[in-house]
Amino acid sequence: MLIRGTSNLMKRRGIRVLFTIFLSAAVGAAVLGGCAPEPEEEPEPAPVPIVIAPEPEPEPEPEPEPVFTLPLTGEEVDEFDPRLAKRPLSVKIENTPDSRPSLGITSADVVYETITEGGITRFNAIFHSVIPEAVGSVRSARNSDVSIVPEYDALFVFSGTNSQVWAALGNTWINYIEEGTSGGSLYRVSHKSGPHNLYLNTEKAFAKFEDRGFPREWVWQKGMYFGEYEGMDELGEADDAIEVFVKFSGSLFDVKWVYDHEDGRYMRFIGDRAQCDEGGDKEQIYADSVVMLAIPYVGAPDVPGKGQTWNMDFTGSGSAIVFRDGVRIDGTWTTDGTHPPVLEDLEGNIIYLKPGKTWFQIPYDISPEKVKVTTGHIQYDDPDAAVSEESDEAAMQDAINADVNE
C-alpha cells in the first residue's frame, strides 16, 4: 500500500513538474515573442535604368553635282567646260546693206550696236560659248570699242581705225590684232565687193594672239546677271512689249524686234525684212534680251575727208530699258568699266537678263519723251534731238562705201 501510494504521488508530482515546465516555456515564449524586434523591411529593388537606343545616323545626302554657268549667257552646263577659262573674242562687224548678211553673228553671246558716221550702225560682237569658224564682214574700230572691250576682258579683232582711236587704244591694255598684224587670220572673200569682204578665221586668230604673247586664260571677276526677274508679276498690260522699234537713223538701219511667243525670244528685222546670218541654215538673228542704253554721242574732232565720228563712254551710269519675255522693264545701268553694265529697275532691284543671247542697242535717245508704249508696241516720236537722227541718204551711202581709216 505504501509503495503504491508513493508511486501515485510521484506520478502526480511528475505531472505538475511537466505542467510547470510547459507553462514556463509558454510564458517565456510569449515574453520573448512580445519583445522581438520588427523584422527589417526588404530594401526596394534599385530602379532598372531605361536605356534609349540612339536614333540611327541619317544617311548622308549625296553631294550635289556641281553646276557651271556660262558667264555671258547664263546657261548651265553639267561639267566643267574649258570655255569657262578662256577669254572671249570681240569682233567689229559691219552692218551696211552691202555687207549683209553677216557671217557668224548668231553665234555671238553679246552684241553691241552703235552708230558710227553718216548714220550707219556697226556691231561689236562678243563670242564665248560658241566660237564660229569664220566671222564677217570685219570693219574698223570706233571709240565705243575702247570702253566696251575691257568690260569683258576680250581679245579684239578689227580691220583698222583712224588716228584718234589708235591713240585711245594705245592708252589701254586691250590685246588686239588688225588686218596688218593678223598673220593671215583676216582674209578677203570673192562673193562680196571691197571693203565689205574682209572675214576672220577664228582658229588662226587665236594662234596669232598666242604668237603675240596675249594670254588666253580668263578669270571672270563679275559676270552678267541672269535668271528670273522678281518684279515680273508686278508688271501689267501697259508694260507689254511685243514689238520693239529702235530708231537709229533711217530705214536702212532702223530695227524692229518682234517677240516670238512660242520660242520666247525677240526676232530681228530691218523694216519688215528678217535679218539673217550668212551661215548654212540662214538663221534669223534673235535675242533673248534686248537692252537699250542711254549713252551720249559726243562729236569727235573731224577727220579730214573722213566724216563725223563719235566719242562714247560706256562707263558710269544712265537710263536703260530691258525687254525680255515680251515685257518692258525701265531702269538704269551702271559700270566702272571693269565689267558689263549692271541693270537695276526703278526700285533698285537687279534686272536679271533672260539666259541666252543679249543685244545692247544704243540709239541717239531713249528718253521717255522719245519712247511711247501703246498696245504692247514701242514707238518713237518724230526724232528732233540735239543730235539729228535724220540722215541724208547720199551722205549715208558715202559713209557706207568709205571706211573711216587712217
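# Exercises on a sheet and its salt bridges

In this predicted model, strand E19 (residues 316-324) and strand E20 (residues 327-335) run antiparallel and are joined by 9 bridges.

**Exercise 1.** Determine where the strands E19 and E20 stand in the order of the open sheet, and identify which strands stand at its edges.

*Solution.* Begin with the order of the 10 strands, which is E8-E7-E3-E5-E4-E22-E16-E19-E20-E21, with mixed pairing. In this order, E19 stands between E16 and E20, and E20 stands between E19 and E21. Next, consider the two ends: strand E8 (176-177) and strand E21 (342-345) each have a single partner strand, so one side of each is left without a neighbour in the sheet. Finally, for a detail of the pairing with E20, note that Ala320 stands opposite Gly331 in E20.

**Exercise 2.** Establish whether Ile321 is buried or exposed, and state which residues it contacts beyond its neighbours within four places in sequence.

*Solution.* Ile321 lies in strand E19. Its relative accessible area is 2%; buried means under 20%, so Ile321 is buried. Its contacts, with neighbours within four places in sequence left aside, are Val290, Val291, Met292, Arg328, Ile329, Asp330 and Ile366. For one of these, Met292, the C-alpha to C-alpha distance from Ile321 is 5.1 Å, although the two are 29 residues apart in sequence.

**Exercise 3.** Describe the salt bridge of Asp325: its partner, its location and the burial of both residues.

*Solution.* The partner of Asp325 is Lys354, and the closest N and O atoms are 3.0 Å apart. This pair links distant parts of the chain, 29 residues apart: Asp325 is in the loop between E19 and E20, while Lys354 is in the loop between E21 and strand E22 (358-361). With 26% relative accessibility, Asp325 counts as partly exposed, whereas Lys354, at 17%, is buried. Shared partners join Arg324, Asp325 and Lys354 into one network of salt bridges.

**Exercise 4.** Examine two further salt bridges, those of Glu113 with Arg268 and of Arg87 with Asp153.

*Solution.* The whole structure holds 12 salt bridges. In one of them, Arg268 and Glu113 meet at 2.9 Å, N to O. Arg268 is in strand E13 (residues 265-270) and Glu113 in strand E4 (residues 110-115), 155 residues apart. Both residues are buried. In another, the closest N and O atoms of Asp153 and Arg87 are 3.2 Å apart. These two residues are 66 residues apart, with Asp153 in the loop between helix H2 (143-148) and strand E7 (155-157), and Arg87 in the loop between strand E2 (76-77) and strand E3 (89-94). Asp153 is partly exposed at 25% relative accessibility, while Arg87 is buried at 3%.

Key. Residues are numbered from 1 along each chain as its sequence is written. This is a predicted model: local features need pLDDT of at least 70, side-chain atom pairs count only at pLDDT 80 or more; totals for chains, interfaces and linings use all residues. Side-chain values use heavy atoms; hydrogens and water are left out. Two strands pair if DSSP finds at least two bridges between them. Helices (H or I, at least four residues) and strands (E, at least two) are DSSP runs, numbered from the N terminus. Buried means under 20% relative accessible area, exposed over 50%, partly exposed in between (1.4 Å probe, protein chains only). Contact means heavy atoms within 4.5 Å. A salt bridge is a side-chain nitrogen of Lys or Arg within 4 Å of a carboxyl oxygen of Asp or Glu.
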